[in-house]
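Student: Please take a close look at the charged side chains here and at how they pair with one another. I would also like a careful description of a helix involved in this and of some other elements in the same chain.

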Amino acid sequence: MFEQMTEQQAREEILKMTEAYCDRFHGKKKEFQEGDRIAYASRVYDKEEMRNLVDSALEFWLTSGRYTEEFEREFAKYLGVPYCSLVNSGSSANLTAFMALTSSELGERRIRRGDEVITVAAGFPTTVAPMIQYGAVPVFVDVTVPQANLDIRQLEAARSEKTKAVMMAHTLGNPFDLAAVKEFCDRYQLWLVEDNCDALGSEYTINGETKLTGTIGDIGTSSFYPPHHMTMGEGGAVYTRHPLLHKLIRSFRDWGRDCVCPSGRDNSCGHRFDKQYGELPLGYDHKYVYSHFGYNLKATDMQAAIGCAQLKKFPQFVEKRRHNFERLKAALLDCTDRLILPEACPNSKPSWFGFLITCKEEGDRNRIVQELESKGIQTRMLFAGNLTKHPCFDEMRQAGSGYRIVGTLEETDRIMNHSFWVGVYPGMTDEMIDYMAKAIQTACQR
């Protein structure tokens, strides 16, 4: 078939066939019928993602390359920040963001072992895992219901002379009170890391200016796992406005090396063999000089290729999430005698990841969840519920060290015992939302 073609002609033919394949076997969606499975999240894609994926595969560069550079550039442009680094997952994004703050290049502001970081227990474990694995001390504050974000009234009680940072997530797309947290961090010269993995596209107005979440603190992180706001299959990103933090993020992502040359390029600075580093001999190859104990957390160019196509669709994804959320909430207003419905943080416009429901009556959560699941509606808990109750905390809990709790985490436990959420992802139709609302209404009446 390809004997008379140039490589470029052959590639174009393959890509045309890929698009046709996607349209034929991936493009047709079955019309929703009551009882069909409604996932809490799913990928939304078309032939553009598949074309990019195959295009990258044919190139066979495999590691980060031209698609990675395109994604980092365009994603940074979307966010309105100068620096973005693609990584292999949202968890790696959180690890990279945290570890960047431990660098000696930050002087007295660096996080050292034993220093404290304020966070919440009602969230996903990989927001907290880097702190514990490094030897920092997470300080857990309670949240409020229905927003499921930190209770800002506890910030002062959480702070100590060892506090160096605040690092927490915007819950299910709903921003935490960024104005209060940013003012607190600025007052005490604390780093602010926004785990933006569940909130990409959310907006917050601060000091009269509307910005995207993840860009208001010192560092923001995103996840591109399939259930999230956009996907690469696996993938994540770390972004910042600070040149030094960007340099440190890249170092920890790229084995801890001192060199900043992109993959496949040598001697961009022109000083590869003429400088002295540490106790190495003069002129030691800069590509193999390590300023940090880092990792290899890069994504592949195939992942980035998918992300480039997803990013073009992303504004539509956000609007559909908002539409689905508002439609579901309007349908459930008659259930507020039994259910607490989610509310957006003041001064925010969330890009909702899910629809959080808190049951008022003891035992209702398990009953309603099981009834919804029996009707094909997928549900989820609010991740860890109360992370400090999990087996991974057993040793620290028994030793009484390694973390600190402010107050009783009463509302966190309430979420652990009484809350669940359902999806509002952009692949959902109005018929699916209405069916889900009807099922929740019926379950509440029992």
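Tutor: What follows goes through the salt bridges, then the helices, and ends with a small sheet.

This is a predicted model, in which local features need pLDDT of at least 70 and side-chain atom pairs count only at pLDDT 80 or more, while totals for chains, interfaces and linings use all residues. Residues are numbered from 1 along each chain as its sequence is written, and side-chain values use heavy atoms, with hydrogens and water left out.

Side chains of opposite charge can pair when their charged atoms come close. A search of the whole structure finds 34 salt bridges, a salt bridge being a side-chain nitrogen of Lys or Arg within 4 Å of a carboxyl oxygen of Asp or Glu. One of them joins Arg250 to Glu72, with 3.1 Å from N to O. This pair links distant parts of the chain, since Arg250 lies in helix α8 (residues 243-253) and Glu72 in helix α3 (residues 66-79), 178 residues apart. Helices here are DSSP runs (H or I, at least four residues), as are strands (E, at least two), and both are numbered from the N terminus. Glu72 is buried at a relative accessible area of 10%, whereas Arg250, at 24%, is partly exposed; buried means under 20%, exposed over 50%, and partly exposed in between, with a 1.4 Å probe and protein chains only.

Another salt bridge joins Arg73 and Glu74, whose closest N and O atoms are 3.5 Å apart. Both residues are partly exposed, Arg73 at 48% and Glu74 at 28%. Asp266 and Arg272 also form a salt bridge, again with 3.5 Å between the closest N and O atoms; here Asp266 is partly exposed at 46%, while Arg272 counts as buried at 18%. Salt bridges can also join into a network, as they do among Arg11, Asp55, Glu59 and Arg66.

Helix α3 packs against helix α9 (residues 301-331) at an angle of about 30°, with the axes 8 Å apart; these axes are lines fitted to C-alpha atoms over the stretch in contact, and angles run from 0 to 180 degrees between N-to-C directions. The two helices are therefore roughly parallel to each other, a term used for angles under 35 degrees, with over 145 counted as roughly antiparallel, 65 to 115 as roughly perpendicular and the rest as oblique.

Elsewhere, helix α4 (residues 90-100) is mostly covered, with ten of its eleven residues buried. Among these buried residues are Leu95, Phe98 and Met99.

Finally, three strands form an open antiparallel sheet in the order β7-β6-β11, where strands pair if DSSP finds at least two bridges between them. β7 (209-212) and β11 (348-349) stand at the edges with a single partner strand each, so one side of each is left without a neighbour in the sheet. Strand β6 (residues 203-206) pairs with β7 over four bridges; Thr205 has Thr210 as its bridge partner, and Tyr204 stands opposite Lys211. The hairpin of β6 and β7 has two residues between the strands, and Asn207 in the turn has a positive phi of about 55°.
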